[in-house]
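This report goes through selected residues, a helix pair and the nonpolar cores of one protein model. A table of residue accessibilities is included.

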Amino acid sequence: TLSQFSVMIVLLESFLESLTIILPYYPVGTMERVTEEGQVATANTYARMFSNLPQCGRPTRLMIYDLHPLQNRFYMSGSVIASLCTTVPCVLPLLQQEGVNCVAFPDDGAAKRFKHMFEGFDIIICGKVRDGDERRVTIQEGNARGKHVVIVDDLVQTGGTLFNAGKAIVTDGASSISAFVVHGVFPNSAWRRFTQGGDRHIFKNFWISDSIPTTTRELPTDDCFVVVPLLDKSIHDIDHFS
């Protein structure tokens with residue numbers, strides 16, 4: 001918000017040696033392109049606001065978790081440097097506790113982004129194919145038979161693709177199906193459809209980070225949702241980065 005930018009400007013004009021900004025969720029990440037005249041690429045606008053912050057003793061570090069898409073980092077310029085972080089280490093112990101041995105991705109983009117972070121797991125890659133006038137999700141690489149599978153993605157809104165990928169994996173013979181999504185946008189409380197009794201209740205566990213606390217504060221604690229906190233990881237990442 002403008003008030004938060006005002007605070008950052010005041011701090012930077014107070015002769016700080018350095019400033020680190022932690023932004024768990026980049027709220028305009030999906031608005032990085034213009035498909036028709038008149039639209040505004042607000043991801044670029046947001047980046048310009050950060051890029052025009054005053055300089056201090058060293059570049060301002062902007063820590064962003066699982067940025068969507070990664071190309072947004074190149075909108076940054078001036079005295080701000082994007083420091084890209086990931087939440088995956090936070091969920092790995094939880095997957096091991098649940099006996100998950102296979103990681104699935106709803107599309108090739110998610111696979112290219114996250115696959116290298118899940119060494120030792122079997123991999124499944126899904127994708128959409130056209131079926132008449134409709135598009136459906138199918139498994140395009142790997143198999144789920146007898147496996148405990150988690151679908152991994154960086155962002156969920158209504159969750160349609162995630163749900164359809166889960167159905168395809170269950171149909172292929174998975175022993176169990178769960179999901180891990182970093183940023184739960186869930187407009188109009190769309191998460192309700194994934195709870196017990198909802199028409200999209202398919203996941204044994206639905207892990208989600210608290211990068212959008214306005215969402216995670218609403219989630220029931222006695223259902224499929226498990227909130228993965230980022231505070232300890234953020235504190236660690238301040239001093240450990242490459």
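Ser 79 has a relative accessibility of 8% and therefore counts as buried, since the cut-off for that class is under 20%. The model is a predicted one, and the values below are computed from it. Ser 79 sits in the loop that runs between strand 2 (60-65) and strand 3. Its side chain comes to 3.4 Å from the backbone oxygen of Leu 53. With neighbours within four places in sequence left aside, the contacts of Ser 79 are Ser 51, Leu 53, Pro 54, Gln 55, Pro 59 and Thr 60.

Thr 86 is placed in another loop, the one between strand 3 (80-85) and helix 3 (88-97). Its relative accessibility of 17% is under the 20% cut-off, so Thr 86 also counts as buried. A polar atom of the Thr 86 side chain lies 3.3 Å from the backbone nitrogen of Val 88. Apart from neighbours within four places in sequence, Thr 86 is in contact with Tyr 65, Asp 66, Phe 114, Met 117 and Lys 233.

Two further residues, one in helix 1 and one in helix 6, are partly exposed. The table lists them with the two loop residues.

| Residue | Location | Relative accessibility | Class |
|---|---|---|---|
| Ser 79 | loop between strand 2 and strand 3 | 8% | buried |
| Thr 86 | loop between strand 3 and helix 3 | 17% | buried |
| Ile 9 | helix 1 | 32% | partly exposed |
| Pro 213 | helix 6 (residues 213-216) | 37% | partly exposed |

Ile 9 is in contact with Leu 53 and Pro 54, leaving aside its neighbours within four places in sequence. Both Leu 53 and Pro 54 also appear among the contacts of Ser 79. Ile 9 and Val 40 are 31 residues apart along the chain, and their C-alpha atoms are separated by 25 Å. For Pro 213 and Cys 90, the separation is 123 residues in sequence and 17 Å in space, C-alpha to C-alpha.

Helix 1 (residues 2-12), which holds Ile 9, also packs against another helix. Its axis and that of helix 2 (residues 42-51) come within 11 Å and cross at roughly 25°. Because angles under 35 degrees count as roughly parallel, helix 1 is roughly parallel to helix 2. On the helix 1 side, the residues that meet helix 2 are Leu 2, Phe 5 and Met 8, and on the helix 2 side they are Tyr 46, Met 49 and Phe 50. Sorted by class, this contact has six nonpolar residues, no polar residues and no charged residues.

In soluble globular proteins, nonpolar side chains tend to be buried together. Which residues have the most contacts inside the largest nonpolar core of this model? They are Ile 169, Phe 186 and Phe 206, in a core of 27 residues. Two or more residues of this core come from each of strand 4 (102-105), strand 5 (122-131), strand 7 (148-156), helix 5 (160-171), strand 8 (176-184) and strand 9 (206-209). Helix 5 gives the largest share, four residues.

Ile 169 touches Ala 104, Cys 126, Ile 139, Ala 144, Val 149, Ile 151, Ala 174 and Ile 177, with residues up to four places away in sequence not counted. A second core, separate from the largest, has 21 residues, including Val 88, Cys 90, Ala 111 and Phe 114. Of these, Phe 114 is one of the contacts of Thr 86, and Val 88 supplies the backbone nitrogen 3.3 Å from the Thr 86 side chain.

Definitions and conventions. Residues are numbered from 1 along each chain as its sequence is written. This is a predicted model: local features need pLDDT of at least 70, side-chain atom pairs count only at pLDDT 80 or more; totals for chains, interfaces and linings use all residues. Side-chain values use heavy atoms; hydrogens and water are left out. A nonpolar core is a set of buried Ala, Val, Leu, Ile, Met, Phe, Trp, Tyr and Cys residues joined through side-chain atoms within 4.5 Å. Buried means under 20% relative accessible area, exposed over 50%, partly exposed in between (1.4 Å probe, protein chains only). Contact means heavy atoms within 4.5 Å. A polar contact is a pair of N or O atoms within 3.5 Å; within protein, one must be able to donate a hydrogen and the other to accept it, and residues adjacent in sequence count only if both atoms are side-chain atoms. Axes are lines fitted to C-alpha atoms, for helices over the stretch in contact, and angles run from 0 to 180 degrees between N-to-C directions. Angles under 35 degrees count as roughly parallel, over 145 as roughly antiparallel, 65 to 115 as roughly perpendicular and the rest as oblique. Ala, Val, Leu, Ile, Met, Phe, Trp, Tyr, Cys and Pro count as nonpolar, Asp, Glu, Lys and Arg as charged, and the others, Gly among them, as polar.
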